[in-house]
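Thanks for making time this morning. I would like to walk through the side-chain contacts first and then turn to the strand pairing, so please keep the structure open while I talk.

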Amino acid sequence: MKKLHLLFLGVAMLALTGADCFLTSAQVLATFDLPNPFTIDASNNMEELDVDLTTIEEYKDNKDKLKGLTDLAILGTFTNTSGPAGTVEVYISADENASFANAAAVVAGATKLWGPASIGPSTGPNNVVTLGWDESAALFNSAGKQILIDEAKGDGHFKIWMVGTPGGTYNIRVDDGFIVLVLDAGV
């Protein structure tokens, strides 16, 4: 897991430099590991995840100098282990105590952060999708991204929900998932 995590970070760094986004001395790369693995299945079409940025050393060390968020990505390998093609979206709430009974309630009550990412049918060639930096960055929603920025500048504690295709009969496993933040830290 640690080697794969470092590989993803290396790829993220290359993608940043390849996209003319260079890390400067006032920028800090921070990663938050998602549970490994976790599953989004058709029984409730969602997975609730608690995010606490204060568990990241780079975040804690630079929290008092934090000016903003330059870039971010949600990375990982999404595998459809059963069922037809589907999508995954991520929703966010600044309220770390927020709770939703099902995916429809998440969509109605939280703010879309990211997605949709398409995952092929379990029997097809596109049933495994590994999202890299560029693919992930293109999926962010501006309203959800602003909540994430505000939370990073605030207490750093919030919830996200991975939501699958409504009414589907699928099972999507997420392996080696994490959130990568490029933080602007002034002096």
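Let me begin with R173 and D175, whose side chains meet in a salt bridge, with 2.7 Å from N to O. Before going further, please keep in mind that this is a predicted model, and that every distance I quote is computed from it. Of these two residues, R173 is partly exposed, at a relative accessible area of 31%, whereas D175 is buried, at 17%. The cut-off matters for D175, because buried means under 20% relative accessible area.

How many salt bridges does a search of the whole structure find? The search finds 4, and I will describe two others besides the R173 pair. In general, side chains of opposite charge can pair when their charged atoms come close.

One of them joins the side chains of K60 and E57, at 3.4 Å from N to O. Both K60 and E57 sit in helix α2, which covers residues 57–62, and they are 3 residues apart, about one turn of the helix. As for their surroundings, K60 has a relative accessibility of 43% and therefore counts as partly exposed, and E57, at 45%, also counts as partly exposed.

The other links E89 with K112, where the closest N and O atoms are 3.2 Å apart. E89 belongs to strand β5, residues 86–93, and K112 to strand β6, residues 111–119, so this pair ties together parts that are 23 residues apart in sequence. E89 is buried, with a relative accessible area of 18%, while K112, at 24%, is partly exposed.

Now to the aromatic side chains, where a search of the whole structure gives 2 pairs. In the pair formed by F78 and W114, the ring centres are 6.2 Å apart and the planes lie at 20°, which means that the pair is stacked. F78 is in strand β4, residues 66–82, and W114 is in strand β6, so the contact ties together parts that are 36 residues apart in sequence. Are these two residues buried or exposed? Both F78 and W114 are buried.

F100 and W161 form an aromatic pair that is edge-to-face, with 4.9 Å from centre to centre and 75° between the planes. Here F100 comes from the loop between β5 and α3, and W161 from strand β8, residues 157–164, so the pair ties together parts that are 61 residues apart in sequence. F100 is buried, at a relative accessible area of 17%, and W161 is buried as well, at 0%.

Finally, I would like to spend a moment on strand β9, residues 171–185, which is mostly covered, since 12 of its 15 residues are buried. Which strands pair with β9? Among them is β1, residues 27–33, which runs antiparallel to β9 and is joined to it by 7 bridges; within that pairing, T31 stands opposite V180. Strand β2, residues 38–41, also pairs with β9 in the antiparallel sense, over 4 bridges, and in β9 the residue opposite D41 is N171. Strand β4 is joined to β9 by 13 bridges, again antiparallel, and L72 has L181 as its bridge partner in β9.

To bring this together, strand β4 carries F78 of the stacked pair with W114, and β4 also runs antiparallel to β9, the strand in which 12 of 15 residues are buried.

Note on methods:
Residues numbered from 1 in each chain as written. Predicted model: local features only at pLDDT ≥ 70, side-chain atom pairs only at ≥ 80, totals over all residues. Heavy atoms only, no water. Helix = DSSP H or I, 4+ residues; strand = E, 2+ residues; numbered from the N terminus. Buried < 20%, exposed > 50% of the residue type's maximum accessible area, 1.4 Å probe, protein only. Phe/Tyr/Trp six-rings, centres within 6.5 Å; stacked < 30°, edge-to-face > 60°. Pairing = 2+ DSSP bridges.
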